[in-house]
Amino acid sequence: MDRLIAPLPGRATACEACSNQPAAAPGLAARLPCVCAAHEEALEGLMARAAAFDHEGPDHPKRVGRIAALLAEEFGIGEQDRALLERAATLHDIGKMALPEGVLAHRHVLNPEARRVMERHTVLGASILAHARAPWLRLAAVIALMHHERWDGSGYPSGLRGTEIPLAARLVAVADVYDALRSDRPYKDAQDHGQALARILVGDGRVGPAQFDPKVLEALRRREAEIAALPR
Ligand SMILES: [Fe+2]
Ligand SMILES: [Fe+2]
């Protein structure tokens with residue numbers, strides 16, 4: 001995981017908060033040594049609650065995780081760390097739960113004041129996860145804080161640029177924007193795969209390649225067929 005969150009000092013090594021029994025459910029969680037059955041149950045509730053706050057629909061967080069994990073493979077990230085990333089990325093917008101009521105109810109593009117409030121979901125998300133010790137939740141905190149940072153420094157909350165942004169957040173940034181473009185929102189229709197890809201790789205004035213890590217865009221080009229085929 002060091003490659004995914006290198007800029008953060010320190011790390012925990014294992015789930016110490018319980019007996020660390022393997023998760024009962026098969027699949028992703030069962031492959032994660034730091035996710036026990038009890039945490040898994042709590043997490044499912046948390047993810048479902050967080051997803052309810054997403055304009056892109058309840059399956060958006062899981063798709064973002066899947067896409068980020070696919071892209072991570074192109075960076076030589078191993079299977080276990082990809083599984084950590086996939087799970088952690090599902091919590092990228094968890095901070096939206098803590099926004100004032102009404103901000104997410106906007107059915108149009110946000111005005112500057114509402115946008116500033118909305119941008120706080122990054123620091124709020126990190127604060128919700130700030131005391132986590134399990135590695136994947138620490139990774140989730142990094143992603144929640146930095147998934148709107150941009151390669152060219154024009155992102156938020158800190159205006160980080162280039163490799164100041166952890167790789168995990170650079171991967172999720174591309175996955176998140178791609179999936180948001182593919183999704184219906186109250187104020188816009190979903191785009192097809194080709195349109196979404198073109199807006200990211202070529203740009204359209206609002207979204208453009210300068211905001212993303214060029215190597216992640218290269219990975220997107222290489223894996224686009226698999227991403228296009230993901231169920232929606
Ligand atoms: Fe976000
Ligand atoms: Fe998102």
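How are the donor residues of the iron ion (ligand 2) spaced in sequence? In this predicted model, the spacing of those donor residues is H-x31-H-D-x82-D. The residues concerned are His 60, His 92, Asp 93 and Asp 176. Both histidines contribute NE2 and both aspartates contribute OD, and the donors lie 2.2 to 2.7 Å from the iron ion (ligand 2). The angles among the 4 donor atoms run from 83 to 146°, and the site is irregular. His 60 belongs to helix α3 (residues 60–73), whereas His 92 lies in the loop between α4 and α5 (112–119), so this pair of ligand 2 donors ties together parts of the chain that are 32 residues apart in sequence. His 60 and His 92 are both buried.

The iron ion (ligand 1) is held by Asp 93 through OD and by His 121, His 147 and His 148 through NE2, at 2.0 to 2.2 Å. The spacing of the ligand 1 donors along the chain is D-x27-H-x25-H-H. The 4 donor atoms around the iron ion (ligand 1) subtend angles of 87 to 177°, and the arrangement is irregular because of these angles. A tetrahedral assignment would require all angles to lie between 85 and 135 degrees. His 121 and His 147 link distant parts of the chain: His 121 is in helix α6 (residues 121–128), and His 147 is in the loop between α7 (135–146) and α8 (167–182), 26 residues apart. Both His 121 and His 147 are buried.

The two sites share a residue. Asp 93 coordinates both the iron ion (ligand 1) and the iron ion (ligand 2). The distance between the two bridged iron ions is 4.8 Å.

Helix α6, which contains His 121, packs against α7 at an angle of about 165°, with the axes 7 Å apart. Because of this angle, α6 is roughly antiparallel to α7. The contact involves Thr 122, Val 123, Gly 125 and Ala 126 on the α6 side, and Ala 141, Ala 144 and Leu 145 on the α7 side. The crossing of these two helices is left-handed. Within α6, the buried residues include His 121, Thr 122, Leu 124, Gly 125 and Ala 126. The elements that cover the buried residues of α6 include α5 and α7.

A second helix pair is formed by α8 and helix α9 (residues 193–201), whose axes come within 9 Å and cross at roughly 135°. The two helices are therefore oblique to each other, and α8 passes α9 in a right-handed crossing. On α8, the residues that meet α9 are Val 174, Val 177, Tyr 178, Leu 181 and Arg 182. Their partners in α9 are His 193, Ala 196, Arg 199 and Ile 200.

The loop between α7 and α8, in which His 147 lies, also holds Pro 157. A cis peptide bond joins Tyr 156 to Pro 157, with omega about 10°. Ser 158 is placed in the loop between α7 and α8 as well. Ser 158 counts as exposed because its relative accessibility is 53%, and the cut-off for that class is over 50%. Ser 158 is 10 residues from His 148 in sequence, and the two are separated by 9.4 Å, C-alpha to C-alpha. His 148 is one of the donors of the iron ion (ligand 1).

Two charged residues in the helices α3 and α4 were also examined. Arg 63 is located in helix α3, the helix in which His 60 lies. With a relative accessibility of 11%, Arg 63 counts as buried, the limit being under 20%. Apart from neighbours within four places in sequence, Arg 63 is in contact with Glu 56, Asp 179, Ser 183, Pro 231 and Arg 232. Glu 86 lies in helix α4 (residues 79–89) and is buried, with a relative accessible area of 15%. Between Glu 86 and Ile 67 there is a separation of 19 residues in sequence and a C-alpha to C-alpha distance of 8.0 Å.

Definitions and conventions. Residues are numbered from 1 along each chain as its sequence is written. Chains are lettered from A and ligands numbered from 1 in the order in which they are written. This is a predicted model: local features need pLDDT of at least 70, side-chain atom pairs count only at pLDDT 80 or more; totals for chains, interfaces and linings use all residues. Side-chain values use heavy atoms; hydrogens and water are left out. Donors are N, O and S atoms within 2.8 Å of the metal (3.2 Å for Na, K and Ca); water is not among the atoms, so sites may look incomplete. Four donors count as tetrahedral if all angles lie between 85 and 135 degrees; four count as square planar and six as octahedral if opposite donors are over 155 degrees apart and all others between 65 and 115; anything else is irregular. Helices (H or I, at least four residues) and strands (E, at least two) are DSSP runs, numbered from the N terminus. Buried means under 20% relative accessible area, exposed over 50%, partly exposed in between (1.4 Å probe, protein chains only). Axes are lines fitted to C-alpha atoms, for helices over the stretch in contact, and angles run from 0 to 180 degrees between N-to-C directions. Angles under 35 degrees count as roughly parallel, over 145 as roughly antiparallel, 65 to 115 as roughly perpendicular and the rest as oblique. A crossing is left-handed if the near helix is turned anticlockwise from the far one by less than a right angle, and right-handed if clockwise. Contact means heavy atoms within 4.5 Å.
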